[in-house]
Amino acid sequence: MTASTTGSPAGRGRRELTYAVLLCLAGAGLALWAVTRTWSVELAARGSLPPVRHARTGADLLPWASALALVGLAGGGAVLATRGRLRRLLGGLLTLVGLAVAAGGGYGLTADLGAGVSRQWPVLVLLGGLVAATGGGVTALRGGGWPAMGARYERSARPAGPAGAGRPAVERGTRDAWEALDRGEDPTVN
C-alpha cells in the first residue's frame, strides 16, 4: 500500500472494517473454544468402589454461552455482507451478544461450581466476550461509512436504447445470448 492509499478515507474505512471483523471473530472464537473446555470436575462417591469423575464443560453449565458465541461468529461474518444502517444495527446486536457472553464468563468466575474448578476458562470466555463486544461497538459507531462487500463489482445502470441496440445480448434475453455464442460472438460485448 502506498501512503496515499492508507491515508485516504476509503483506506481508513477498509482498515477499520478489517479490525472490527477480526475483533468480533477472534473474541467469539476464543469464547466458543473456552466454553467447551472442562470447567469443573465432580467426584461422586460409590461406597466401596472408586469415585466416579464427572467433568462438566462451560457449555454444560451455561449452554446459552456457546450459542451466543456462535451468533457472534456468524455476526462477525455478516458485518462484511451488510452496509449502512443495517451494519450499524448489526454492530449494536454484536455488542449486546459480546456483553452477554462476557457475563457468562463472569458468572463462571463467581459461581460456586464445586470442587476442582478451573477458573482460567471462564476468564477466557469473559475476555472473548469483551473483545467481541468491542468489535461490535466499533461497528455500531463507525460502520455506516465503511465500504460494502462487492460494491466495486456492481453494475452501473445504463440507459436503455431501442430494443437490443447497444445492449449486450445477455440483457436482451437468454436465447439471444445463446444464438450469439453459436455465431461465435461474445454476447457480453456491445
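User: Happy to start with the surface: what share of the accessible surface of the chain belongs to carbon and sulfur atoms?
Analyst: Keep in mind that this is a predicted model. The chain has an accessible surface of about 11,300 Å². The share of that surface belonging to carbon and sulfur atoms is 63%.

User: Thanks! In what pattern do helices and strands follow each other along the sequence?
Analyst: The chain holds 8 helices and 2 strands. Read along the sequence, their pattern is α-α-β-β-α-α-α-α-α-α.

User: Which residues form the aromatic pair, and how are their rings arranged?
Analyst: Searching the whole structure turns up 1 aromatic pair. Its members are Trp 33 and Trp 121, with 5.1 Å from centre to centre and 85° between the planes. Planes over 60 degrees apart count as edge-to-face, so the arrangement of Trp 33 and Trp 121 is edge-to-face.

User: Nice. Which helices does that pair tie together?
Analyst: The two partners are 88 residues apart in sequence. Trp 33 sits in residues 9-35 and Trp 121 in residues 120-142, so the helices tied together are H2 and H6.

User: Is Trp 121 buried or exposed?
Analyst: Its partner, Trp 33, has 41% relative accessibility and counts as partly exposed. Trp 121 has 15% relative accessibility. The cut-off for burial is under 20%, so Trp 121 is buried.

User: Which helix gives the most residues to the largest nonpolar core?
Analyst: That core has 11 residues, including Ala 31, Leu 32, Trp 39, Ala 65, Val 101 and Trp 121. At least two residues come from each of H2, H4 and H6. With 4 residues, the top contributor is H2.

User: How many residues are in the other core, the one with Trp 146?
Analyst: This core lies apart from the largest one. Cys 24, Leu 90, Leu 94 and Trp 146 are among its members, and its residues number 8.

User: Which residues does Val 101 touch?
Analyst: Val 101 belongs to the largest nonpolar core. Leaving aside residues up to four places away in sequence, its contacts are Ala 31, Ala 65, Leu 68, Ala 69, Val 125 and Gly 129.

User: Last one, on helix H4: which of its residues are buried?
Analyst: H4 covers residues 63-81 and reaches 28 Å from its first C-alpha to its last, close to the 27 Å expected. Across the chain, buried residues make up 33% of the 190 residues. In H4, the buried ones are Ala 65, Ser 66, Ala 69, Gly 72, Gly 75, Gly 76 and Val 79.

Technical notes:
Residues are numbered from 1 along each chain as its sequence is written. This is a predicted model: local features need pLDDT of at least 70, side-chain atom pairs count only at pLDDT 80 or more; totals for chains, interfaces and linings use all residues. Side-chain values use heavy atoms; hydrogens and water are left out. The expected span of a helix is 1.5 Å times one less than its number of residues. Buried means under 20% relative accessible area, exposed over 50%, partly exposed in between (1.4 Å probe, protein chains only). Accessible areas come from the Shrake-Rupley method with a 1.4 Å probe; for residues, only the protein chains shown count as cover. Rings of Phe, Tyr and Trp (its six-membered ring) pair if their centres lie within 6.5 Å; planes under 30 degrees apart count as stacked, over 60 as edge-to-face and the rest as tilted. A nonpolar core is a set of buried Ala, Val, Leu, Ile, Met, Phe, Trp, Tyr and Cys residues joined through side-chain atoms within 4.5 Å. Contact means heavy atoms within 4.5 Å.
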